[in-house]
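Q: Take a close look at one part of this model for me: how the aromatic rings are arranged. I'd like the setting around them as well.

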Amino acid sequence: MYYLPDETEVCGFYECKKCGERFLSIQTIKKIPCPTCEQSVDYEIGPDESLEELLDTAELIRVIEGREDVECMDALLSLAITGGDPDNWI
């Protein structure tokens, strides 16, 4: 699979509120760091900022359960990213 290890049965579908990227993660907590935004974080925070606000920019949209549903969502998102051949996927 593109985002997750093979045979994953539960995952979280996230959207980053900062950059708009949607991705899957094996985590299912409410907020996690966005992999894209995390690479460009400036760790010098001011007095009115918290490190958690800078890092945890991706919010859980929904939890996906079941190996088949996880594989479908992973394939669908990877198709959108890689621009693969949709005829082979369907």
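A: Buried residues account for 29% of the chain's 90 residues, where buried is under 20% relative accessible area, exposed is over 50% and partly exposed lies in between, using a 1.4 Å probe and protein chains only. Keep in mind that this is a predicted model, so to speak about local features I need pLDDT of at least 70, and side-chain atom pairs count only at pLDDT 80 or more, while totals for chains, interfaces and linings use all residues. Numbering runs from 1 along each chain as its sequence is written, and side-chain values use heavy atoms, with hydrogens and water left out.

For the overall layout, there are four helices and four strands, in the order β-β-β-α-α-β-α-α. Those are DSSP runs numbered from the N terminus, with helices being H or I of at least four residues and strands E of at least two. Of the contacts between residues at least 6 apart in sequence, 51% join residues at least 24 apart; a contact here is heavy atoms within 4.5 Å.

Now to the rings. The count is two aromatic pairs, taking Phe, Tyr and Trp (its six-membered ring) as paired if ring centres lie within 6.5 Å, with planes under 30 degrees apart called stacked, over 60 edge-to-face and the rest tilted. Tyr 2 and Tyr 3 have ring centres 5.0 Å apart and planes at 80°, so they go down as edge-to-face. Tyr 2 is partly exposed at 45% relative accessibility, and Tyr 3 is also partly exposed, at 22%. With Tyr 14 and Phe 23, the centres are 5.8 Å apart and the planes sit at 15°, so that pair is stacked. Both Tyr 14 and Phe 23 are buried.

The backbone ties that second pair together too: Phe 23 in β2 is the bridge partner of Tyr 14. Strands β1 (residues 10–16) and β2 (residues 22–25) pair antiparallel over four bridges; for strands to pair, DSSP has to find at least two bridges between them. Together β1 and β2 make a hairpin with five residues between them. In its turn, Gly 20 has a positive phi of about 85°.

Away from the rings, helix α3 (residues 67–82) has buried residues as well: Val 70, Met 73, Asp 74, Ala 75, Leu 77, Ser 78 and Leu 79. Just past α3, Gly 83 takes a positive phi of about 70°.
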